[in-house]
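Work through the exercises below with the sequence and the model open side by side. Try each task before reading the solution that follows.

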2 protein chains.
Amino acid sequence: MAQSGEPLGSREKVLAAAAAMYAEDPTASLSVRAVAARAGVSTGSLRFHFPTQAALRETLLAAIYDHAFPDDVITDVAVPPRERLLACLRALLAPVGTGAQARDAWRRLHDRVVAPEPPTAQVRAAVGEMGAEGSRRVGRWLRVLAEEGALPPGDDAARASFLLTVVGGLSFERAVPSAEDDLLARESTTLGLAVDAVLGPAARDVTAGGASDVRP
Amino acid sequence: MAQSGEPLGSREKVLAAAAAMYAEDPTASLSVRAVAARAGVSTGSLRFHFPTQAALRETLLAAIYDHAFPDDVITDVAVPPRERLLACLRALLAPVGTGAQARDAWRRLHDRVVAPEPPTAQVRAAVGEMGAEGSRRVGRWLRVLAEEGALPPGDDAARASFLLTVVGGLSFERAVPSAEDDLLARESTTLGLAVDAVLGPAARDVTAGGASDVRP
DNA sequence: ACCTGAACACCGTTCAAGT
DNA sequence: ACCTGAACACCGTTCAAGT
């Protein structure tokens, strides 16, 4: 990521503007003109770098999730627990990619997991392992937060299962063609609701707005 | 339906035109001008009867799906709101089936929606409409509960999107050949958490004696 | 190669004006 | 009350023209 050392190229300016607008309001429209104006760039230039609005949104989404968060973000007490859990869930979602990439990932999963009928014991075991690995990771995050007292008492296994289901639902929506338009806003609010369901409503007040740190 | 006959009012002409266009091509755009032209009516007249395009589409789809889905469970005030919303979400999930049946349903969806690359505009639009229909149904349930005062103020569109994502995630897990033993239990707790996230902690259980400040 | 900004073809909504 | 159609403020995309 380029720090503010030298002048940004138009492409970066556009991306930064879009990220800033998204950070300020995840439900903002991110129209060509709005983003171009914010970036101090012409619509034609925006179009040159992003042949379509969908391409811009896709790139932005990728950039946001591309922060390959190391697994120990969860222990960073400088960040509010809510933001930490959100970041971890985003990291879980990141490898899916967006658009065609997400569809490709989904296709592979489909061919391997749901297509074979009847499912072999091998597939069954592999899938079970995948699920267990996910549960382990999410379970660990929850345990860390619980030790801080940031998590109200409750069934953490159920919570982990719940969060994994939400991430699974979102990852499928990544692969669904039409959902790409307002995917950014919807993912943000949905993950927020899911995290609030786990952390309780008290955690929501710590941070305003649904957007986390989207650094230009 | 009827090519011509008794003089229809403008409202009916508009609705008939929209229905015809939708019947001919479910992916058609149904724009103000297109529908108005097809109905032989001015855009102003269309606007008079349908204050917004969303209203027109909503009326049309309500007319189409009304006799198909009577879903009136949500209005049964004898049942606690939480149970009603849960029942509705289960009804949404039901057609997916379980096991091999769920995999079959998922395979069809996959072949039609995520397999074609690049996705056609037709698929894109049809999928968008499907999602919108789901949002509408869930949105209606939330509206009913809101009118009863069982729903804290908030973004109901975001909540509907969230619930649909959860149901989507669960429906996929239905198709995943894993330990189907605790599927029912996991589904139950996950749906419960999702519903609690929407209805607020008040609806969950009366055991919460701690500081549960519901913001005004 | 990169960028500009006008132009095009849409969209939904508003509204003074008619009947 | 119902209807008209122009006008407005958007939208995404295209493109001749500049540097």
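**Exercise 1.** Find the acidic partner with which the side chain of R84(A) forms a salt bridge, and explain what the pair ties together.

*Solution.* The side chain of R84(A) meets that of E148(A) in a salt bridge, with 2.7 Å from N to O; the term stands for a side-chain nitrogen of Lys or Arg within 4 Å of a carboxyl oxygen of Asp or Glu. R84(A) belongs to helix 5 (residues 81–93) of chain A and E148(A) to helix 7 (residues 121–148) of chain A, so the pair ties together parts that are 64 residues apart in sequence. Helices here are DSSP runs of H or I with at least four residues, numbered from the N terminus. Next, consider how covered the two partners are: R84(A) is buried, with a relative accessible area of 2%, whereas E148(A), at 36% relative accessibility, is partly exposed. Buried means under 20% relative accessible area, exposed means over 50%, and partly exposed lies in between, using a 1.4 Å probe and protein chains only.

Before going on, note that this is a predicted model, in which local features need pLDDT of at least 70 and side-chain atom pairs count only at pLDDT 80 or more, while totals for chains, interfaces and linings use all residues. Residues are numbered from 1 along each chain as its sequence is written, chains are lettered from A and ligands numbered from 1 in the order in which they are written, and side-chain values use heavy atoms, leaving out hydrogens and water.

**Exercise 2.** Determine which residues are linked with R82(A) in a network of salt bridges, and then look at R82(B) in the other chain.

*Solution.* Begin with E83(A), which forms a salt bridge with R82(A), the closest N and O atoms being 3.9 Å apart. Both E83(A) and R82(A) are buried. The network of salt bridges links R82(A), E83(A) and D196(A). Turning to chain B, the side chains of R82(B) and D196(B) meet in a salt bridge of 2.8 Å, N to O. D196(B) lies in helix 9 (residues 183–199) of chain B and R82(B) in helix 5 (residues 81–93) of chain B, so this pair ties together parts that are 114 residues apart in sequence. D196(B) and R82(B) are both buried. Over all chains, a search of the whole structure finds 19 salt bridges.

**Exercise 3.** Describe helix 5 of chain A by its span and by how many of its residues are buried.

*Solution.* Helix 5 of chain A has 13 residues and reaches 18 Å from its first C-alpha to its last, close to the 18 Å expected at 1.5 Å a residue, where the expected span is 1.5 Å times one less than the number of residues. The helix is mostly covered, since 12 of its 13 residues are buried; among them are L85(A), C88(A) and L92(A). L85(A) has a relative accessible area of 0%. In space, L85(A) is 7.2 Å from W141(A), C-alpha to C-alpha, although the two are 56 residues apart in sequence.

**Exercise 4.** Identify the residues that come closest to DNA strand C and the contacts made with its phosphate oxygens.

*Solution.* DNA strand C is surrounded by 16 residues, of which S10(A), H49(A), R33(B), R47(B) and T52(B) are the closest; a residue is near a strand if one of its heavy atoms lies within 4 Å of it. A polar side-chain atom of S10(A) lies 2.7 Å from a phosphate oxygen of DNA strand C, one of S31(B) lies 3.1 Å from a phosphate oxygen, and one of R47(B) lies 2.4 Å from a phosphate oxygen. Helix 3 (43–49) of chain A, together with helix 2 (32–39) of chain B, are the elements that give two or more residues to the surface near this strand. Helix 3 of chain A gives the most, with 5 residues. Of the strand's atoms within 4 Å of the protein, 53% belong to sugar or phosphate and the rest to bases.

**Exercise 5.** Find which element gives the largest share of the surface near DNA strand D.

*Solution.* The largest share, 5 residues, comes from helix 3 of chain B. A phosphate oxygen of DNA strand D is 2.4 Å from an N or O atom in the side chain of H49(B), and a polar side-chain atom of S42(B) lies 2.7 Å from a phosphate oxygen of DNA strand D.

Methods:
A polar contact is a pair of N or O atoms within 3.5 Å; within protein, one must be able to donate a hydrogen and the other to accept it, and residues adjacent in sequence count only if both atoms are side-chain atoms.
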